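Hi,

Here is the structure I promised to pass on to you. Have a look at it first, and then read on for my notes on what turned up.

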Amino acid sequence: MKNYKDKLTEVMEEFWRKDLPQLREREIKLKTETDLINDIVGIRRSGKTSLMLLTAAKFGKDKCVYVNFENRKLFPLTPEYFNAIIELVYAKKLLEKHKRIYLFLDEVQRIEGWEKYVRSIYDEFKGRIKIFISGSSSKLTKSRLANLLSGRHLTTVVFPLSFSEFLSFRQFSTGRPVIEEERAKILEYLKEYIAYGGFPEIVLSENKEELIESLMLDILNRDVIPNVMKRKEIVEDLVYFLCSNSGNLFSFNRIARLFKKTSVVTIERIFNLLKDVFLFFDITIFSYSVKSQIQYPRKIVCVDSGFINNFGFKFSDDRGRMMENLVAVEFLRRYGVGGKTKVFYWKEYGKQEGKEVDFVIKEGLKIKQLVQVTYALGKDEIERREIKSLLKAGRELKCKNLLVITWDYEGEEEIENRKIKFVPLWKWLLKL
C-alpha cells in the first residue's frame with residue numbers, strides 16, 4: 001500500500017505531466033500581487049478550482065504545486081501531507097530553479113488543523129512560496145483562521161457567473177453602442193440566465209434542470225446535512241421555503257411557527273449553515289440602530305436564480321421577484337460579502353402600508369444609492385407607490401442618487417425636485 005508521500009508524488013506528477021483542461025477566463029482574478037495568502041471561498045462548483053488552474057497556467061505549471069484534497073487518490077487525509085509537500089519542493093529543487101513558486105491547496109479544510117500548517121509554511125517561506133487556499137464554506141475565513149492567519153491573508157469570494165461572464169461563456173459579444181438586434185438577443189439570454197442561473201457547467205450543458213438538481217443535492221449532502229444529520233428533512237423543507245420566498249422578508253420566529261415542533265434556535269442554526277456554504281444570504285433593514293437591524297425581518301437572497309426556479313414553489317412567472325434576487329446577488333458580487341460597502345433594504349414600519357425601498361447602498365458613513373427593482377417594460381407600468389417610496393427614502397436618508405432598475409425602460413425624470421434614473425436590468429448588469 002502506498003504511503004502518503006508516494007500518493008502525493010503520484011498526484012503531483014500527473015499535474016505536471018498532463019495538459020490542463022481548456023478553461024474559460026473569468027472577470028474575477030486571484031490576488032497574485034502580494035505575498036499574502038489568498039483564500040478563495042464560494043459555493044461549491046462556482047469555479048474556484050478553475051480559477052486556481054487558470055492562475056497556475058499563467059505562472060507556468062513547473063513553478064506550481066497543486067493539491068486537491070478531494071482527490072480520492074489522497075485518502076485517507078492526514079496533516080502529514082503538508083510536510084510531504086515541502087519535502088517534494090526540496091526533492092524537485094523547485095526553490096533552486098525558480099525565485100518564487102506557487103502552492104495551491106484546493107478544499108484545504110478537509111484536513112483537520114490545516115491552519116497551523118499553512119501559517120507555518122507562510123512564515124517560513126514568505127516571499128518564496130505564494131500560497132492559495134480554497135474551500136466551499138465561509139468557515140475557511142472564520143474563527144481559528146482569523147486568529148492564526150491574522151494579517152497574513154486576503155479573501156476572494158467566487159460567485160456563479162455574472163451576466164457578463166454568462167454572455168462570454170455563450171460566446172456572445174456586443175458592439176458599443178448596442179444595436180437593436182443585439183439588444184433583442186441579450187434579452188433572450190437574460191431570460192435564460194434568470195431561468196437556469198450562472199453555474200459554469202450548467203451554462204454550458206444541455207441537461208440544465210438535471211444538473212441543477214444534482215448540484216443542489218451535492219451541496220446539501222456534502223456541506224450542510226452532515227452537520228445536522230437528525231434534521232435532514234428540516235434542511236430540505238427550509239431550502240424549499242427559502243427558494244420559494246427569495247426577495248421576501250422573513251424572521252426566524254415566523255419560520256419556526258410554520259415549521260411545527262421546530263425551535264427558533266434550530267431554524268437559525270440551519271440557516272447559518274446554508275449561509276456558511278454561500279447558498280443563501282440575508283439583507284437587513286437599514287437603521288442607525290443595530291438593535292433594529294437585528295430584530296426586524298431580513299430579506300432572503302439565493303445565490304443563483306436556477307435554484308429558485310427549480311427548488312421553489314412557482315405559482316406565477318414572478319419576474320420582478322427574480323430580478324430583485326438577481327440584483328441583490330450582483331451587489332454582493334460587486335461589493336463583496338462583508339466588505340466596506342454594505343447593502344440594506346429600507347422600510348417604514350409601524351405605518352399602514354409603509355413605504356419600502358429594495359436596496360440601500362451604504363459606503364462608509366454615506367448613503368451612496370437607493371435602488372428600486374421592477375418588472376416594467378415602459379414608464380406607464382412603473383407603480384407610483386415605488387416612486388413615492390424612493391422619494392421618501394431619499395429625503396429621509398439625504399440621498400440624491402435614485403435608481404429604478406426596469407426590465408426594458410430607460411430614461412430620466414425629475415419628480416419633486418429630485419432626479420430619478422431608469423435603467424434596464426441587462427444594461428445595469430453589463431455596466432453599460
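**Backbone oddities**

Glu107 has a relative accessible area of 5%, so this residue counts as buried. Before going further, please keep in mind that the model is predicted. Glu107 sits in the loop between strand E3 (101–106) and helix H5 (114–125), and its phi is near 55°, a positive value in a residue that is not glycine.

Lys398 is another non-glycine residue with a positive phi, again near 55°. Is Lys398 buried or exposed? With 73% relative accessibility, Lys398 counts as exposed. You will find Lys398 in the loop that runs between H17 and strand E12 (402–406). Next along the chain comes Cys399, which counts as buried because its relative accessibility is 3%.

Two further backbone points may catch your eye. Gly197, just after H8, takes a positive phi of about 80°. The peptide bond from Phe75 to Pro76 is cis, and its omega is near -5°. Pro76 belongs to the loop between strand E2 (64–68) and helix H3 (80–91).

**Two helices to look at**

H8 is built from 17 residues, and from first C-alpha to last it reaches 25 Å, close to the 24 Å expected at 1.5 Å a residue. Which residues of H8 are buried? They are Glu182, Ile186, Leu187, Tyr189, Leu190, Glu192, Tyr193 and Ile194, so you will see two glutamates in that list. The cover over these buried residues includes H7, helix H10 (208–224), helix H15 (305–311), helix H16 (319–335) and helix H18 (425–429).

Helix H11 (residues 232–244) has 13 residues. From its first C-alpha to its last, H11 reaches 19 Å, close to the 18 Å expected at 1.5 Å a residue. Its buried residues are Ile234, Val235, Leu238, Val239, Phe241, Leu242, Cys243 and Ser244.

**Aromatic rings and charges**

How many aromatic pairs does the structure hold? The count is 30. One of them joins Phe166 and Tyr193, a tilted pair at 5.2 Å centre to centre with 55° between the planes. This pair links distant parts of the chain, with Phe166 in helix H7 (residues 163–169) and Tyr193 in helix H8 (residues 180–196), 27 residues apart. Both Phe166 and Tyr193 are buried.

Phe250 and Phe271 also make a tilted pair, with ring centres 5.4 Å apart and 55° between the planes. Here too the pair links distant parts of the chain: Phe250 is in strand E6 (residues 249–250) and Phe271 in helix H13 (residues 264–276), 21 residues apart. Phe250 has a relative accessibility of 1% and therefore counts as buried; Phe271, at 1%, counts as buried too.

Elsewhere, ring pairs connect Tyr4, Phe69, Tyr81, Phe82 and Tyr117 into a cluster. As for charges over rings, Arg24 lies over the face of Phe169, at 5.5 Å from the ring centre. Arg319 lies over the face of Trp407, at 5.0 Å from the ring centre.

**Two buried side chains and their surroundings**

Thr55 is part of helix H2 (residues 48–59). Its relative accessibility is 11%, which means that Thr55 counts as buried. A polar atom of the Thr55 side chain lies 2.7 Å from the backbone oxygen of Leu51. Setting aside neighbours within four places in sequence, Thr55 is in contact with Leu30, Thr32, Phe104 and Phe132.

Ile387 is found in helix H17 (residues 384–397). Why does Ile387 count as buried? Its relative accessibility is 11%, and buried means under 20%. What does Ile387 touch, not counting residues up to four places away in sequence? The answer is Ile382, Val404, Ile415, Ile420 and Phe422. Of these contacts, Ile415 is 28 residues from Ile387 in sequence, with 8.9 Å between the two C-alpha atoms.

**Cysteines**

Cys64 counts as buried because its relative accessibility is 0%. The disulfide count for the structure comes to zero.

Happy browsing, and best wishes!

Technical notes: Residues are numbered from 1 along each chain as its sequence is written. This is a predicted model: local features need pLDDT of at least 70, side-chain atom pairs count only at pLDDT 80 or more; totals for chains, interfaces and linings use all residues. Side-chain values use heavy atoms; hydrogens and water are left out. Helices (H or I, at least four residues) and strands (E, at least two) are DSSP runs, numbered from the N terminus. The expected span of a helix is 1.5 Å times one less than its number of residues. Buried means under 20% relative accessible area, exposed over 50%, partly exposed in between (1.4 Å probe, protein chains only). Contact means heavy atoms within 4.5 Å. A disulfide is a pair of cysteine sulfur atoms within 2.5 Å. A polar contact is a pair of N or O atoms within 3.5 Å; within protein, one must be able to donate a hydrogen and the other to accept it, and residues adjacent in sequence count only if both atoms are side-chain atoms. Rings of Phe, Tyr and Trp (its six-membered ring) pair if their centres lie within 6.5 Å; planes under 30 degrees apart count as stacked, over 60 as edge-to-face and the rest as tilted. A charge sits over a ring if NZ of Lys or CZ of Arg is within 6 Å of the ring centre and within 35 degrees of the ring normal.
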